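Dear colleague,

I am handing over the structure we spoke of, and would be glad if you could look through it with the notes below beside you.

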Amino acid sequence: MAAPEEAAPGKGPKSPQNKKARKVDESELLTVPDGWKEPPFTREDNPRGLLEESSFATLFPKYREAYLKECWPLVQKTLSEHHINADLDLIEGSMTVNTTKKTFDPYIIIRARDLIKLLARSVPFEQAIRILEDDIACDIIKIGSLVRNRDRFVKRRQRLIGPNGSTLKVRKVVLDTMKNIHPIYNIKTLMIKRELLKDPELRKQNWDRFLPKFKHKNLNKRKEPKKKTVKKEYTPFPPPQPESQIDKELASGEYFLKESQKKRKRVEEIKAKQAEAISRRQEERNKAFIPPKEKSTVNPKKASAETKIDVEAIKEKVKKAKKKKLGALPVEEVKLKIAADEKKKK
């Protein structure tokens, strides 16, 4: 028997050279070159086609029937290019897609299934047909059962719907919005990640230090009930038995009255209630004819104080007016002017 060959030093599977080579290969696999696209799947990749036939069907609501009738020829034409058959059943309200012998792409039937699902959920044909492209994917999120309160559900759904019916197309954003986390927080995080992707040095680093951290603040206080029920003190004895109608009649003495007397008493009670109701109704009618009380704008105390006349002040004003002539200077000023004129002449 031949002796086993000894492994050369430094060339074994666990040698440091191989470890370095593996590290280099892994680092290269982590980064995707800019502008790289996966080559399209052609017939040369699968020349023999598929072995079995696959089919998918989905139902659509009644209001989509008219639109699907119009666009169905375009759907059949587009799917026939990928060798997929499409059937529209208006009686059952369903759409069906299935592969043929010429179908070579095994994943195209999944894309065709997503296409009819989108058409059934009111997505326009021009947008739904893009799902057949390799770099386009779709995700149907059922949000109907995430929030119990209908009004709260409508408000949170409105945050997702943008202008012209455009919606936010990220699953995490949608689910967080239904949990009462505003979409602006997730949108801001996505914008920061997009900017970080442009920097080749930061691609391999951890981005937690750049991403914002929002704290959840529950500012809504717990609603207190309008009617607070006060618990009664515990007693080992059962509650007293309620009085029956016979017990009430015995206590009031009606039990011993004759039938005619009972009827007379009932009639009197009814008449008394009617009289009270009539008087109450009459009072309400008379309220409309009673004029409202006008509030006095002037305070009587202030008015009496203002109306007091100072007689002495008026007398002094009259005396001064008598001494002065209308339009003439006072006597003292005239004397001073005459003396000033004589000085000038001298």
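What follows is an account of the strands, the salt bridges, the surface patches and one helical residue.

Please keep in mind throughout that this is a predicted model.

I begin with the strands. Strand E2, which covers residues 84-89, and strand E3, which covers residues 94-99, run antiparallel and are joined by six bridges. At one end of this pairing Ile84 stands opposite Thr99 in E3, while Asp89 has Ser94 of E3 as its bridge partner. The two strands form a hairpin with four residues between them, and in the turn Gly93 has a positive phi of about 70 degrees. E3 also pairs with E1, again in the antiparallel sense, and here the pairing extends over five bridges; within it, Ala57 is partnered by Thr96 of E3. Strand E3 is therefore bridged both to E2 and to E1. As for its surroundings, five of the six residues of E3 are buried, so the strand is largely enclosed by the rest of the structure.

Turning to charged pairs, a search of the whole structure finds four salt bridges, and I describe three of them here, including that between Lys62 and Glu65. In this pair the closest N and O atoms are 3.2 Å apart, and the two partners differ in their exposure: Lys62 is exposed, at a relative accessible area of 66%, whereas Glu65 is buried, at 16%. Another salt bridge links Asp114 with Arg113, with 3.3 Å between the closest N and O atoms; Asp114 is buried, having a relative accessible area of 14%, while Arg113, at 25%, is partly exposed. A further one is formed by Glu254 and Lys265, whose closest N and O atoms are 3.1 Å apart. Because Glu254 lies in the loop between helix H8 (245-252) and helix H9 (259-287), and Lys265 lies in helix H9, this pair ties together parts that are 11 residues apart in sequence. Glu254 is partly exposed, with a relative accessible area of 25%, and Lys265 is also partly exposed, with 33%.

Two surface patches may be worth your attention as you turn the model. The negative patch is formed by Glu38, Glu133, Asp134 and Asp135. Of its members, Glu38 lies in the loop between helix H1 (16-30) and strand E1 (55-59), and this residue counts as exposed because its relative accessible area of 64% is over the 50% cut-off. The nonpolar patch consists of Ile181, Ile184, Tyr185 and Phe214, which together have about 350 Å² of accessible area. Tyr185 lies in helix H7, residues 183-198, and at 37% relative accessibility this tyrosine counts as partly exposed.

Lastly, a note on Val174, which has its place in helix H6, residues 171-178. Val174 counts as buried, because its 7% relative accessibility is under the 20% cut-off. Its C-alpha atom is separated by 9.9 Å from that of Lys142, a residue 32 positions away along the chain.

With kind regards

Definitions and conventions:
Residues are numbered from 1 along each chain as its sequence is written. This is a predicted model: local features need pLDDT of at least 70, side-chain atom pairs count only at pLDDT 80 or more; totals for chains, interfaces and linings use all residues. Side-chain values use heavy atoms; hydrogens and water are left out. Two strands pair if DSSP finds at least two bridges between them. Patches are made of residues with over 30% relative accessible area and no salt bridge: like charges are joined within 9 Å, nonpolar side chains (Val, Leu, Ile, Met, Phe, Trp, Tyr) within 5 Å. Accessible areas come from the Shrake-Rupley method with a 1.4 Å probe; for residues, only the protein chains shown count as cover. A salt bridge is a side-chain nitrogen of Lys or Arg within 4 Å of a carboxyl oxygen of Asp or Glu. Lys and Arg count as positive and Asp and Glu as negative; His and the chain ends are not counted. The place of a charge is taken as NZ of Lys, CZ of Arg, CG of Asp or CD of Glu. Buried means under 20% relative accessible area, exposed over 50%, partly exposed in between (1.4 Å probe, protein chains only).
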